[in-house]
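Trainee: Please take a close look at the backbone geometry here. Then carry on from there to the ligand site.

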Amino acid sequence: MTSGIKVIAPATISNLACGFDTLGLALDLPCDEIIGRWVDSPGVHIIEISGEKKNIPYHVDTNTAGIAATALLSHMGETGRGVELKIRKHIPGGSGLGSSAASACAAAVLVNELLNRPLEKRELIPFALDGELVSSGSRHGDNVVPCMIGGLMLIRDILEYDYHRVYAPSGLFLAVLLPDLVVNTRDSRGLLRQEVSLQDMVKQSANLGALIIGMNTGDLDLIHRSLEDHVIEPQRKHLIPFFDQIKDRALNLGALGCSISGAGPALFALCPEKLLAQNVADAMKQVYEEHHLGARTFVSGINQEGVILK
Ligand code: ADP
């Protein structure tokens, strides 16, 4: 490819313990990269997928980048020419780190740039959600929205595009452990019970409200008390070997909370500063090393920009 536009889109952590399908935040790293250019042949053509490409389809009707790009081209009435895409995956698929959403967001921003930016970034969210629908089976926006526009976001109703930025205290870092196993979002959603007890509903909504207040006021102790999932984590944690041990180590070291990122298997621990996050990441990995299991770890701040041109 001689010339083209390159965009990068960040990994995201959705749910954030008490905010199932409601909260998500963007990470500084890892980011997916897409390079694209106009070609004569109409439609979208994925000519290369490199990096963390396990099980990622080339077909434009099943690849989330292909779906988002096709939807935007068609919305803009562009039928005369096509777009060629090269996808560099740095966010492993099926990790719970919003890999499929990142590709969809990157593709929507890229096509919008090629079209000379007819739409605002937030207007691209529906096209990225079209991609996410195919990969995860539902149109929840807790990966797509923070990926696209950055920060910590509360999604009140994605069908109405009713979402809100939550202002978080500066200096928060996330320690992330990514075990060497794949959990498919569809499967991980499929095992959830459809009913929640009244008692758990009360605890969960109290935590979600208090977490937002803690973030807004910078009350780290309130964030710590609220970052607890009474509904989803107990049903999913068996998918992640040694979950309880990892969580205990992270909390004992001073993490504000530790839970499953999205549908898993990635785990995150929210930490009040970077050095602590690094120690927590090392301790989480040590649990896996003790059990001779493979995992990677990284530390990231909260990304405030979302998808950017590179
Ligand atoms: P994650 O939470 O890490 O995004 P998902 O399970 O939601 O994981 O998404 C991974 C699924 O999406 C896989 O089945 C994968 O084949 C599919 N998929 C389609 N297109 C892409 C893409 N461009 N990048 C990543 N995954 C994709």
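Mentor: Start with proline 30, which belongs to strand β2, residues 23-39. This is a predicted model. The peptide bond between leucine 29 and proline 30 is cis. Its omega comes out at about -5 degrees.

Now go to a second proline. Glycine 264 and proline 265 are also joined by a cis peptide bond, with omega about 5 degrees. Proline 265 is not placed in a strand but in the loop between β8 and β9, where β9 spans 267-271.

Strand β8 itself covers residues 257-260, and serine 259 is one of its residues. Is serine 259 buried or exposed? The cut-off for buried is under 20% relative accessible area. Serine 259 has 2% relative accessibility, so it counts as buried. Its side chain has a partner: serine 259 makes a polar contact with the side chain of glutamate 233, at 2.6 Å.

Next, phi. Which value does asparagine 15 take? Phi of asparagine 15 is near 80 degrees, which is positive although the residue is not glycine. Asparagine 15 sits in the loop that links β1 (5-14) to β2. So this loop leads into the strand that holds proline 30. Asparagine 15 is a loop residue, yet it is buried because its relative accessibility is 6%.

Arginine 117 also has a positive phi, near 55 degrees, and is likewise a residue other than glycine. It too lies in a loop, the one between α2 and α3 (125-136). Is arginine 117 buried or exposed? The threshold for exposed is over 50%. Arginine 117 is at 52% relative accessible area, so it counts as exposed. Set the two side by side: asparagine 15 is buried, whereas arginine 117 is exposed.

Helix α2 takes us to the ligand. Which element gives the largest share of the shell around the ligand? Helix α2, residues 99-114, does so with three residues. In total, 19 residues surround the ligand. The closest are Asn55, Lys89, Ser99, Ser100 and Thr185. By class, the shell holds 14 polar residues, four nonpolar ones and one charged.

Look at individual contacts. Lysine 89 places a polar side-chain atom 2.9 Å from a nitrogen atom of the ligand. Asparagine 63 also uses its side chain: one of its N or O atoms is 3.0 Å from a ligand nitrogen atom. Serine 95 works through its backbone instead, with an N or O atom 3.0 Å from an oxygen atom of the ligand. How much of the ligand is covered by the protein? On its own, the ligand has 560 Å² of accessible area, and the protein covers 90% of that. The space that the ligand takes is the largest pocket.

One more residue to finish. Leucine 178 is part of strand β7, residues 173-179. Leucine 178 counts as buried because its relative accessibility is 6%, well inside the limit of under 20%. Check its distance to glycine 94: the two C-alpha atoms are separated by 11 Å. Along the chain, leucine 178 and glycine 94 are 84 residues apart.

How values were computed
Residues are numbered from 1 along each chain as its sequence is written. This is a predicted model: local features need pLDDT of at least 70, side-chain atom pairs count only at pLDDT 80 or more; totals for chains, interfaces and linings use all residues. Side-chain values use heavy atoms; hydrogens and water are left out. A residue is near a molecule or strand if one of its heavy atoms lies within 4 Å of it. A polar contact is a pair of N or O atoms within 3.5 Å; within protein, one must be able to donate a hydrogen and the other to accept it, and residues adjacent in sequence count only if both atoms are side-chain atoms. Accessible areas come from the Shrake-Rupley method with a 1.4 Å probe; for residues, only the protein chains shown count as cover. On a 1 Å grid over the protein atoms alone, a cavity is a set of points where a 1.4 Å probe fits but cannot get out, and a pocket is an open set with protein on both sides within 12 Å along at least five of seven lines; lining residues have an atom within 4 Å of a point. A molecule sits in a cavity or pocket if more than half of its atoms lie within 2 Å of its grid points. Helices (H or I, at least four residues) and strands (E, at least two) are DSSP runs, numbered from the N terminus. Ala, Val, Leu, Ile, Met, Phe, Trp, Tyr, Cys and Pro count as nonpolar, Asp, Glu, Lys and Arg as charged, and the others, Gly among them, as polar. Buried means under 20% relative accessible area, exposed over 50%, partly exposed in between (1.4 Å probe, protein chains only).
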